[in-house]
Amino acid sequence: MPEMHLRQRALPALTAVVLGVHALALLGLPLWSQVSAPHTEVAAMQTRALSLPEPPAPPPAAPVPASKAPAPKPQQPRPKVQRPAPAPTPEPLDTPIRETVEPLPMAAAPEPAASDASETAAAGSGATPATPPAPPAPKPEPETPPTPSAGPAQGMAITSPDGTPLASDAPVPVQLPDPARLSFAVTGQAKRFNYSASAELVWRHANGQYQASQEVSLFLLGSRSQTSEGRITDRGLEPSRFNDKARKEQSAQLAFDQNLAHFSTGAPDAAIAPGAQDRLSVFLQLSALLAAAPQRYPAGTQISFITVSARRADRWTFRVGETETLDLPSGSTQALRLDKIAAAGDDQQASLWLAPSMQYLPVRIRLAQDNGDFADLQLKGRQAP
């Protein structure tokens, strides 16, 4: 009996199960599709995703009945997507393509000849073509010493304070100081060595001739002397020979008939002209000019000379200054100051004080070099020569 009851209870359940199975079969959903189909479909999609470089495969679709599942046609939509071919270089360019392409035609264009470079540059349409390299500059030819000509027009020139020339080739008034022997106390520096010395200027003239000498003596260091000689003209002093002696003697001959100066050193001749002086006579010529007509030379006036040394000829220009009171070894003295204007390449400065009470003879001379060397001569006394 108990077994009968169990069978009667199990029969309806079994009947329900059988009916359910038949219903699923009619719908086309086999039992294996609920378990095996998802794994098979995912595996297939993963295989396709690995075979393509991009893009990743879409997530698996929900399972559909076998009767409605599409044929292999779902794989056809992929050819419809037109994707650009990958660039040949996997890395991106740092510079835009146009920047690397546009200059190419200009760089490939033939370079114009040097003679046509200016025309090519002027004919451009907004874009400036590349300028061809300039041809190498020709090597300068060695300079040849100039051949002296007839010389400058003026050996001496006078300019007023406002820049107006006051003197031409016509003679200007001169008045020579009386002969004298002037002694000076000298202080100075040479190569950073301070020294004290004595100096003497002797000035003589007679019968249309003159002679001047100056010597500076340094205790235990020797001496240096300069001499100037020549004739006296209506222009004042006209030197014919200048000597400069220190360790050795050098000289210059001034040939005014040739308008040339010749040098014992073998240096090229230098052009001169009437009114030119040497480095000693120039101070005495200034004395003669100012003694004759001091009113012609107010402060600011410039007086220039071709000035000859033992090696060359330069133009020395003096500017007239003001009268100063000097405290000299010889006593307090009123003197007119003149300063030499430094020219290009001239490393010597000079100042000169002329005393009206002594016929404008020099009572102080100061010479200086750019390296710091200097010599300061101050009057100690005056005697007859």
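**Exercise 1. In which loop does Asn207 lie, and what is notable about the phi of Asn207?**

Solution. The model is predicted, so local features are reported only at pLDDT of at least 70 and side-chain atom pairs only at pLDDT 80 or more, whereas totals for chains, interfaces and linings use all residues. Residues are numbered from 1 along each chain as its sequence is written, and side-chain values use heavy atoms, with hydrogens and water left out.

Step 1: Asn207 lies in the loop between β3 and β4 (209–218), where strands (E, at least two residues) and helices (H or I, at least four residues) are DSSP runs numbered from the N terminus.
Step 2: the phi of Asn207 is near 55°, a positive value in a residue other than glycine. Most residues other than glycine have a negative phi.
Step 3: Asn207 is exposed, with a relative accessible area of 79%; exposed means over 50%, buried under 20%, and partly exposed in between, computed with a 1.4 Å probe on protein chains only.

**Exercise 2. Locate Asp373 and describe the surroundings of its side chain.**

Solution. Step 1: Asp373 is placed in the loop between β15 (361–369) and β16 (374–383).
Step 2: Asp373 is buried yet has no salt bridge, and the nearest side chain of opposite charge, that of Lys191, is 7.1 Å away. A salt bridge here requires a side-chain nitrogen of Lys or Arg within 4 Å of a carboxyl oxygen of Asp or Glu.
Step 3: the backbone nitrogen of Lys191, by contrast, lies 2.9 Å from a polar atom of the Asp373 side chain.
Step 4: leaving aside residues up to four places away in sequence, Asp373 touches Gln189, Ala190, Lys191, Arg192, Leu367 and Ala368, a contact being heavy atoms within 4.5 Å.
Step 5: one of these neighbours, Arg192, is found in the loop between β2 (180–190) and β3 (193–206). Arg192 has a positive phi of about 70° although it is not a glycine, and at 79% relative accessibility it counts as exposed.

**Exercise 3. Which residues touch the most other members of the largest nonpolar core, and which helix gives the most to this core?**

Solution. Step 1: a nonpolar core is a set of buried Ala, Val, Leu, Ile, Met, Phe, Trp, Tyr and Cys residues joined through side-chain atoms within 4.5 Å. Of the 50 residues in the largest one, Leu182, Trp203, Leu286, Ile303, Leu338 and Val363 touch the most other members.
Step 2: helix α7 (residues 281–292) gives the most to this core, with eight residues.
Step 3: a second, separate core of 11 residues includes Ala252, Ala261, Phe263 and Ile272.

**Exercise 4. Classify the aromatic pairs.**

Solution. Step 1: rings of Phe, Tyr and Trp (its six-membered ring) pair if their centres lie within 6.5 Å, and planes under 30 degrees apart count as stacked, over 60 as edge-to-face and the rest as tilted. The count by this rule comes to two.
Step 2: Trp203 and Tyr210 form a tilted pair, 6.2 Å centre to centre with 40° between the planes, and both residues are buried.
Step 3: Trp316 and Phe318 form an edge-to-face pair, 6.3 Å centre to centre with 65° between the planes. Trp316 is buried, with a relative accessible area of 5%, and Phe318 counts as buried at 0%.

Terms used: Lys, Arg positive; Asp, Glu negative; His and termini not counted. Polar contact = N/O pair within 3.5 Å; in protein donor to acceptor, adjacent residues only side chain to side chain.
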